[in-house]
Structures are given as structure tokens and as C-alpha cells.
Amino acid sequence: MLSSTTEDYLKVIWALSEWSEDPVTIGSLARSLGLAPSSVSETIKRLASQGLVDHEPYRGIRLSERGEAAAVTMIRRHRVLETYLVRVFGYTWDEVHDEAEALEHGASDRLIDVMASALGNPAVDPHGDPIPRADGSLPECPEHVISLAELAPGREAEIVRVSDAAPELLRWCEKSGLTLGAQVRVTDVIAAAQLLEVAVATAPEPLTLSLAAAGSIWVR
């Protein structure tokens, strides 16, 4: 049985690779976990000795087959819990991440399967992230997904994912109408200020947001 610390590491390594092709490094993992790089480095050495990860200099950290299976199990638990908290208990999408973090290590696979079934086995969580199936497979993801920061001016798109890394961004997106399914169009790019102006179908006036914030919103 894996410790909760090991489960957290494997889950975060998997999540960092989900929407990015950049290698997972000690630095990026330390930032995501809020830990010192030296501490993360020691833990990665331990996980490598257990056959859960492979770590080669300049090639990043990669999950082994066993490590990936454990990571996907944790991702499924986390995202089913988030979805249940929103749909059944009325949590908002900016509140559920920390709650799911606290609950996921004690939840059995059977409980998660029952919760998923009660929800109709949803394909995505409240933020648009795909929920792995009980057998570890992933539902089909939308094709041609890019970040809002990459959307060409004048082109319309639909929001399919908003990163849950920053609750304050989720609250602002909710207030501004930048939620899943919303239709958006980039009306202007202010490169010198690193800003985007975005028209939202449900908003009377265009919104201005930073390119960094736009990079956390995914559209198709």
C-alpha cells in the first residue's frame, strides 16, 4: 500500500504532464507541491528505487507503468470527488480542490465507483478535466484544444477547461462568465502589456485579462 505522500507525488507528476509537453522537473514538481527542491529530490530518489518513476538528468521525471496506474487511480478519485461535491453538495468549483485533496486518500475504489455511477459516470470534472474510467482508461478528449492565450484575434471558440490551480482565478472566471461551454472571441491583443481583450457571449462588455490568466483557460 502506498503512502499518502507517494500518492500525492504520483498524482501531481501525472497532472503536470496532462496538458503540457514540457518535461516534469524537480523544480516544477517542487512548485506544484509547495516544497523545497531538495526535499522533492530525495523523495524522487526513493520513488525511483521503488520502481514508481524514472528520473534521468535533462529528460525529466516520468512515471513507470506501475506508477502511472497508481497516479490514474488517484486522479480518478480526486475528480469524482470534486464532481460529487459540486453536483450533490452544492460546492462551487473554486472550493472543491482542497476538499477532494483531504478526502481522496481515505476513499475506497468501491466508494468512488458508486459515487461515479450515481453521477451518471461523467466524462469530465467541474473544471473540464477528464475523469479516468474505473479500468484506468481515459474518455476521449476534445480535439484541437488550445489555451485562450493562443487563440487568434477574431476567432470564436468554446471554453472546455479552466485550470483549478488558482481558486481566485476560478472565482473571477465564474463572475465574468468564463465558464465551461461559454463562447468567447479574442477582440484585441495588447502585447506590450501582456493583456488580452475577450468578448464573452453572455457579457455586455469585453473583458481584459492577462496572458498568464488566459493560459489557464482552454478552448476549442
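**Exercise 1. Find the residue of β5 that is the bridge partner of alanine 157.**

Solution. Start with the strands of this predicted model. Strand β4 covers residues 156-162 and strand β5 covers residues 183-190. The two run antiparallel and are joined by 3 bridges. Now look in β5: the partner of alanine 157 there is valine 184.

**Exercise 2. Work out which strands stand at the edges of the sheet that holds β4 and β5.**

Solution. First write down the strand order, which is β3-β8-β4-β5-β6-β7. This is an open sheet of 6 strands with antiparallel pairing. Next, check the two ends: β3 (146-147) and β7 (207-210) each have a single partner strand, so one side of each has no neighbour in the sheet.

Then look for a helix lying across the sheet's strands. Helix α7, residues 167-176, lies across β4, β6, β7 and β8, and runs at about 165° to β7.

**Exercise 3. Decide whether serine 38 is buried or exposed.**

Solution. Begin by placing serine 38: it belongs to helix α3, residues 37-49. Its relative accessible area is 54%. The cut-off for exposed is over 50%, so serine 38 is exposed. For a sense of distance, its C-alpha atom is 35 Å from that of cysteine 173, 135 residues away along the chain.

**Exercise 4. Describe the stretch that UniProt lists as "domain: HTH dtxR-type".**

Solution. The unreviewed UniProt entry gives residues 1-64 for this feature. Over those residues, the chain is 56% helix and 12% strand. The C-alpha atoms at the two ends are 17 Å apart. In the separate domain assignment, domain 1 spans 4-63, domain 2 spans 75-140 and domain 3 spans 146-219. Finally, the centres of domain 1 and domain 3 are 30 Å apart.

Definitions and conventions
Residues numbered from 1 in each chain as written. Predicted model: local features only at pLDDT ≥ 70, side-chain atom pairs only at ≥ 80, totals over all residues. Heavy atoms only, no water. Domains from an automatic or database assignment. Helix = DSSP H or I, 4+ residues; strand = E, 2+ residues; numbered from the N terminus. Buried < 20%, exposed > 50% of the residue type's maximum accessible area, 1.4 Å probe, protein only. UniProt positions renumbered as here; feature names shortened; annotations may be inferred. Pairing = 2+ DSSP bridges. Contact = heavy atoms within 4.5 Å. Axes fitted to C-alpha atoms, helices over the stretch in contact; angles between N-to-C directions.
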